[in-house]
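Morning, everyone. Please look at the structure on the screen while I go through pockets and one surface patch.

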Amino acid sequence: MIVSKSKQGTNLEDVQEMNRSLVIRLMRKRQVCSRAELTQASGLNQSTITNIINELISWGLVVETGIIDGKKGRRSIGIKLNSEPYKIIGIRLARKFISVAMYDLEGNEYSLKQITINTLDSSVTAFENMKKLIAETIEMNTTGQVMAIGIATPGPLFRNEGRIALMTFFPGWEKINIQEDLANTFGIPVYIEHDAKAGAMAHWWFDEPHQDHGVMIYVAAGQGVGAGIVVDGKVFQGSLGIAGEIGHMSIDYNGPKCECGHQGCLELYCSTSALLKSLNKEHTSLRSVWKDLKDKDATTEEAVRKAAWFLGFGLVNIVNIYNPDRIIIGDEFSAAGDLLIDTISKTIKENVLPDISNRVKVELSSFEQDDILIGSATIAIDSILNQPSSYLAFSKI
């Protein structure tokens with residue numbers, strides 16, 4: 001029998017690229033720091049750090065800031081990333097709107113535009129409107145250059161193929177290769193990711209307190225329901241890139257039929273679409289639901305509690321499968337606040353072994369801005385930082 005051998009070795013160039021990536025990532029977290037700090041944090045020797053920093057300075061990616069005070073009164077030259085010239089376009093495609101924003105390598109936002117879309121319109125029309133927004137955003141940029149585009153979409157998403165497999169309540173997207181089309185249109189790299197995975201990466205990168213190790217699950221509970229699973233900083237993808245589609249996990253095999261073909265899918269019970277339907281407000285803004293909840297309307301409270309219970313019941317399975325440290329609830333349903341979190345936490349405690357449930361922290365997204373939109377840019381930034389010399393060394397900044 002012939003056994004195929006995969007590439008096992010690591011070239012010197014690969015090691016150098018990994019070290020560059022590590023140093024840039026460490027600097028991103030630390031803002032202003034010294035070469036000595038990077039030596040200690042990275043485990044690399046001082047000469048290697050010196051060589052990498054000199055290289056990054058020659059690219060224009062790192063600048064010196066002057067003298068800073070270090071430990072034990074030692075003074076050294078401060079350095080920081082010069083992120084502003086390196087721009088990223090972040091895009092969020094949702095069932096009812098499209099958001100397009102511009103960020104730099106550190107996630108600072110420079111512009112934001114959003115348009116509403118109607119599911120009665122075609123996906124082709126919505127996609128053309130998206131491209132117009134992207135073009136306008138690129139035109140607005142006055143410093144540096146746009147390095148890449150990141151886009152977060154509902155799923156299931158065939159991430160490795162660059163297209164949506166199914167967008168419930170909005171058919172037609174499965175016929176569009178979003179990644180390929182945008183790359184051809186704008187001539188820059190495009191990275192596509194499921195919205196929950198994008199939101200998960202945004203929290204891993206920018207949330208406080210910062211998490212470096214462990215298992216974090218971000219749940220995008222909005223018009224659909226999805227999960228992003230991050231393990232030690234890496235998003236779990238699955239073989240096709242659709243891992244985390246908890247919205248299409250059945251919690252009732254005799255339940256109503258979903259557009260995916262399955263029965264009793266979780267999102268039929270606990271998405272904001274399902275919540276509006278249960279309140280007979282399918283054509284009403286969620287804003288009125290949250291107002292009624294704030295006013296302690298009994299019917300609304302019961303509907304939210306029931307949907308939260310279903311979401312918690314679904315997350316019981318996720319806790320048992322992935323054993324996370326943290327579960328973060330984001331997207332539209334997070335506006336339900338304490339009632340949502342208290343109900344989910346109670347459901348998990350009642351249905352998971354105490355030694356497990358007591359060690360899981362369930363919390364609301366702390367982001368004031370759209371974490372999925374930020375995540376769309378984060379996915380692109382992460383990919384760029386994996387190969388810094390390919391993207392940053394020869395950029396015409």
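Helices here are DSSP runs of H or I, at least four residues long, numbered from the N terminus. The model is a predicted one.

Start at helix α1, which covers residues 12–30. L12 sits in that helix. Is L12 buried or exposed? Exposed means over 50% relative accessible area. L12 has 57%, so L12 counts as exposed. L12 also joins V15 and M18 in a nonpolar surface patch of about 280 Å².

Now the pockets. The largest has a volume of about 980 Å³. Its lining comprises 28 residues, and K96, Q223, S273, L276 and E282 are the closest to its centre. Which elements give two or more residues to that lining? They are α7 (267–270), α8 (272–278) and α9 (286–294). α8 gives the most, with five residues. By class, the lining splits into ten nonpolar, ten polar and eight charged residues.

Next, the second largest pocket. Its volume is about 480 Å³. The lining has 18 residues, with R25, K29, W204, D232 and G233 the closest to the centre. Which helix gives the most to this lining? That is α1, with seven residues. α6 (195–206) and α13 (371–386) each supply at least two residues as well. The class split here is six nonpolar, five polar and seven charged residues.

To recap on α1: this helix holds the place of L12, and α1 gives seven residues to the lining of the second largest pocket.

Key
Residues are numbered from 1 along each chain as its sequence is written. This is a predicted model: local features need pLDDT of at least 70, side-chain atom pairs count only at pLDDT 80 or more; totals for chains, interfaces and linings use all residues. Side-chain values use heavy atoms; hydrogens and water are left out. Patches are made of residues with over 30% relative accessible area and no salt bridge: like charges are joined within 9 Å, nonpolar side chains (Val, Leu, Ile, Met, Phe, Trp, Tyr) within 5 Å. Accessible areas come from the Shrake-Rupley method with a 1.4 Å probe; for residues, only the protein chains shown count as cover. A salt bridge is a side-chain nitrogen of Lys or Arg within 4 Å of a carboxyl oxygen of Asp or Glu. Buried means under 20% relative accessible area, exposed over 50%, partly exposed in between (1.4 Å probe, protein chains only). On a 1 Å grid over the protein atoms alone, a cavity is a set of points where a 1.4 Å probe fits but cannot get out, and a pocket is an open set with protein on both sides within 12 Å along at least five of seven lines; lining residues have an atom within 4 Å of a point. Grid points are joined across faces, edges and corners, and a volume is the space filled by probe spheres set on the points. Ala, Val, Leu, Ile, Met, Phe, Trp, Tyr, Cys and Pro count as nonpolar, Asp, Glu, Lys and Arg as charged, and the others, Gly among them, as polar.
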